[in-house]
Every structure is written in structure tokens, then in C-alpha cells.
Amino acid sequence: MAGRVLPLLPQYRKDAVTRRICATVHLHDDLARDIDRELTGDRLTAIGLTLGINFVAVARHARAAVRRRKSLDRQLAVLGVLFLASLLMAVWSLIAGHGSLVLVAVYGPPGVLAVTWGLVHHAQARARDAAQQVFHGAEKPETLAPPLEQAEETRLHELKRSNVLPYADETSLTNPFVGSGKRLQEREVIWGPIDVSEPAEGPGGTKLPVLDFDAIDLHTYVARHMESISGLDGLRTRNRLYVLGSHAYLLPELVPDRTRRPNPHVPKQLVQAGLHKPGAGMRTHLCLERVGEGGRLIVSMYLRAILAKPSLSWEVAAYAIPPLEARFHDVDTLPLARFDRWWSLVKYTTGHTWSELSGAPGRMTERSRWLYDNERTLRKQRRRIKNQHVIVDHGAATSLRERYGDWDQAGYAERMDALDYLVRLQQGVLTATERFLKDHNVDTSSFDSAQKIITQNYHVNNVNGPSIFGAGGTIQQNNGPQGGGPQGAGGGGGTP
């Protein structure tokens, strides 16, 4: 019944994934370190796509967690020196018979351990409070951590609307769509060819004049109408130029300085040029991204219209990124009741006091060594670029969102959503193509024949570790197929 009024069920937050990552960096020091280096560290390579993540918020919280860890390690290193000194003094006093120093032997090391216990307890309490505040709070995640340098935040903001992505040479043999997850189809496919030279019949059997169009016009039409045609609210569409990493320097607009990271934007005309006539390792694809509820699942489809009149073909590829791995759910299990929280902190602190104290020098050394090695490597690379004109690979190899995804965390709902998004996207492309051709007075009989072949040859790929779908579109769980899924449309000679 139209206009039916029903209660609203609880919904995932739209920024749930961002909040989970921001919360988890406070609970896992290694994650905070890696993300801080990834998003704000000095580099020559591009950063992968944001894919629904607020990079500014994540970078702020990662930096806050890194600073907290550094501060704690500095304090622990001082305490470690005092601990060793008090032990040596205690031993020496016992050997030399200095009774006046017996108090050092009795109270020195335990006192240092007591102070260490207090510091570790305080740091862990702050980390948990920060994690719970960003995950459960109503404020925007980026407002709950100190800002970064203005230049860094500006660059991270620009990544949201990136229209170009250099991809690492190592990925060129598989696919250029780095960071997009697992392939949903058996292989990349070509839909078509479709004859677009025959004019449609008008009233009285007369032939209508075919309206001239190019691949850019077709991409623009599909981008504008795919959301309404597919019924996927919030579908993000963007033409993006994909460039082989070692060829990125050929575009000064992309790499104005070969000793620095590439820009996230190039002029719109270059993106269109990559569609009209591909360059050397440079092609433009129409990127369709559907983010599932709360960002738990992301399905992406990449299209490229190949218009070599009188024929039109579609290059099609589809990928999916699963929910975040298990450690990103640790924030769900942090105790909230006063006594439970107190007891949990006591157990944690007691179990980690010695490892925190003894491991502080090693952690500080590792950070200094990494910083030194990274700076030395970059200096060598930049010197070789300037003096020897060495060509470097500026491409990204993955994305932050892909790196921390895990199909073991995907349940029945996510797998069904992935299948639904895929079917809707592929059918939407076919529908949009048909409407576009009719609008340009093109006879669609060739398209109709091609569509029958496409829809008869639809398969969904088994994604390893574990599979998303089983054979014939059945939902594949860890213990095997759990029931039939709907057959969709797909690619001729392959699958979309």
C-alpha cells in the first residue's frame, strides 16, 4: 500500500567504517603506526582510493595514537634506566656492605614498577576512552582528535574527489583497479560488439538520421542515469583516468615534480582524452561504486566504452571489498560498567607492565631505524631521479580499505547484497546503453541480439578466502552453498 507508515528500524551509521578505524587505531599501536605512515608519510607513490573512508578523521586519530605511544615510550625508557640503576645500586650495596643503600635495594625496583604500572594504566585508559568516544559519540570523528598540518589535511581532502589514479606496475598484469578488492567475475569481459551504424525506423517506415555521438557522450549518459536506472541510492559515479605507475611522469599535470607524490587531480580534458583515445598506459574508465549499509561492503564496477564505428563494445570489470577484519570489532567488547571497566584495566595493566617497560627501548629504536631507512631510501631515489633521470613507479598497490577487509567477516546479508548490487549494476548498464542508442536514433536490433548472449552467459566468480558466491549464483558460506541466489545478467564470453 502506497504511503504506508511504519516504524524505522535501527540503521548502521553512514560513517560506521570510519568510526571503527578511528577507534581501533587507539587500541592497536601497530595499526596506528602503519596508517599514520600510509596517509601522512613522505612518499613518491600515490595513495589508494578512499572508498567511503574519511581519511582526514582517520589520519588525525592515527597521529594522536602514535603521539601517545611515543610519549609513553619516552617515559618508560627513563624508568627503564632508573630500574637498571636501582638494581645495580642494590647489588653493589649488598656486595660492598653499604647498609645505607639497602633502602634502594628494597624500594627502588618495586617503586619503578609501580610508577610504570600507573603510566601504562593511564595510557590504556586514555586509549579506551578515545576509542569509545569516537565509536559511540555523536560528534563527527574528525572533531575528536587534534588537526594535522594544513597541507596534509588539504591533500587528504582532495583524495575524496580524485579523478586519476596511477597503479603500480606490479598490478598491471592482473588489473589496474588497485584497492578495489576481489574480482566478482571470472575475468574481465567485453560486451559486444554492437552495430551502432544502422538508423532506427521512424513513422511510416522511414529511416531516422543517426545523431552523432562518441564514447564521452555515452559515459556521461550512463553516469547521470545509472543511479535511477539501477535503483541503487547513493551510487557514486566518476570518470577516472588510470595510469601505469612508471608512465605517470609523462603527464606533467599528474606528476609536476618527479621527486614528489603524484597529484590526485588532473584537468577534466585529460580524463576525457583517455576515453576518446587511450594513451601510453593511460585509459579512462567509468567507475561505479556502491557502498553497502554502514560501509561494510563495497561493490565497484569499471566500464570503458570502446567505440570503433560501426561497432560499440563495453569493457567490464567488477570487484567487491568485504567488511573490516575481526580486530576492528574490539571496540564492541570494551566494558562500559564502572567495575568491569576498572577490573579490565587492572588485568590489562598488570599483564603488560613488564613488557611495556622492557620493550620501550626496542620500540623507540625501531621507529628511529624505520625513519632513517625511509629517509635514506627517498634521498637515494630522488638523487637518482635528478642526476640519472631514473624512471620510478608512482603507482599505488592497494587501498587502506582493501588491506583491512576480511571475507570471513561477511555474512549472508553482505554476500546477498554483493550479488544484488552486481546484478543491478550490469542490468543498469545494459538498460542505459539501450536508451542512449534509442535517443540517438540507432537501430537496437544488434544490441538486442548481443544482450541475449550476454544474459545467457552470466556467471559469478568464486572469490578465494572464502568464496562470495558459489556456482550458479548460490550464496557460498564457509561450509558450502546455502541456497540458490538469483541468476543475473552478465558478459558475453565471461561475466560482469
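Strand S1 (residues 164–167) contributes more to the lining of the largest cavity than any other element, giving three residues. The model in which this cavity appears is a predicted one. The largest cavity encloses about 140 Å³ of space. Its lining is made up of 15 residues, and those nearest the centre are Ala46, Ile47, Leu159, Pro262 and Pro264. Sorted by class, the lining of the largest cavity holds nine nonpolar, four polar and two charged residues.

The structure holds two cavities of 30 Å³ or more. The second largest cavity has a volume of about 30 Å³, and its lining consists of Trp191, Ile194, Trp314, Leu430, Phe447, Ala450, Gln451 and Ile454. Strand S3 (189–195) and H11 are the elements that each give two or more residues to this lining. Of these, H11 gives the most, with four residues. The class division for the second largest cavity is seven nonpolar residues, one polar residue and no charged residues.

Helix H11 (445–456) also bounds a loop, which separates it from helix H10 (412–439) and which contains threonine 444. Is threonine 444 buried or exposed? Threonine 444 counts as buried, because its relative accessibility is 12% and the limit for burial is under 20%. Leaving aside residues up to four places away in sequence, threonine 444 touches Glu434, Leu437 and Lys438.

H10 appears again at the second largest pocket, where H10, helix H1 (16–25) and strand S5 (282–291) are the elements giving two or more residues to the lining. This pocket contains about 470 Å³ of space. Its lining comprises 22 residues, with Arg290, Val291, Gly292, Glu293 and Gly294 lying nearest the centre. By class, the second largest pocket is lined by seven nonpolar, seven polar and eight charged residues.

Helix H1 is largely enclosed by the rest of the structure, because 10 of its 10 residues are buried. Among the buried residues of H1 are Arg19, Arg20 and Cys22. Cysteine 22 has a relative accessibility of 0% and therefore counts as buried. Cysteine 287 likewise counts as buried, because its relative accessibility is 2%. As for disulfides, the count comes to zero.

The largest pocket contains about 660 Å³ of space. A total of 26 residues line the largest pocket, and Arg33, Arg37, Val66, Lys70 and Arg367 are the closest to its centre. Which helices each supply at least two residues of this lining? They are helix H2 (29–40), helix H3 (55–96) and helix H8 (338–388). The largest share, 10 residues, comes from H8. The lining of the largest pocket divides into 15 charged, seven nonpolar and four polar residues.

These local features belong to a chain with 11 helices and nine strands. The chain has 496 residues, of which 48% count as buried. Contacts between residues at least 6 apart in sequence join residues at least 24 apart in 80% of cases. The chain exposes about 23900 Å², and carbon and sulfur atoms supply 55% of that area.

How values were computed. Residues are numbered from 1 along each chain as its sequence is written. This is a predicted model: local features need pLDDT of at least 70, side-chain atom pairs count only at pLDDT 80 or more; totals for chains, interfaces and linings use all residues. Side-chain values use heavy atoms; hydrogens and water are left out. Buried means under 20% relative accessible area, exposed over 50%, partly exposed in between (1.4 Å probe, protein chains only). Contact means heavy atoms within 4.5 Å. On a 1 Å grid over the protein atoms alone, a cavity is a set of points where a 1.4 Å probe fits but cannot get out, and a pocket is an open set with protein on both sides within 12 Å along at least five of seven lines; lining residues have an atom within 4 Å of a point. Grid points are joined across faces, edges and corners, and a volume is the space filled by probe spheres set on the points. Ala, Val, Leu, Ile, Met, Phe, Trp, Tyr, Cys and Pro count as nonpolar, Asp, Glu, Lys and Arg as charged, and the others, Gly among them, as polar. Accessible areas come from the Shrake-Rupley method with a 1.4 Å probe; for residues, only the protein chains shown count as cover. A disulfide is a pair of cysteine sulfur atoms within 2.5 Å.
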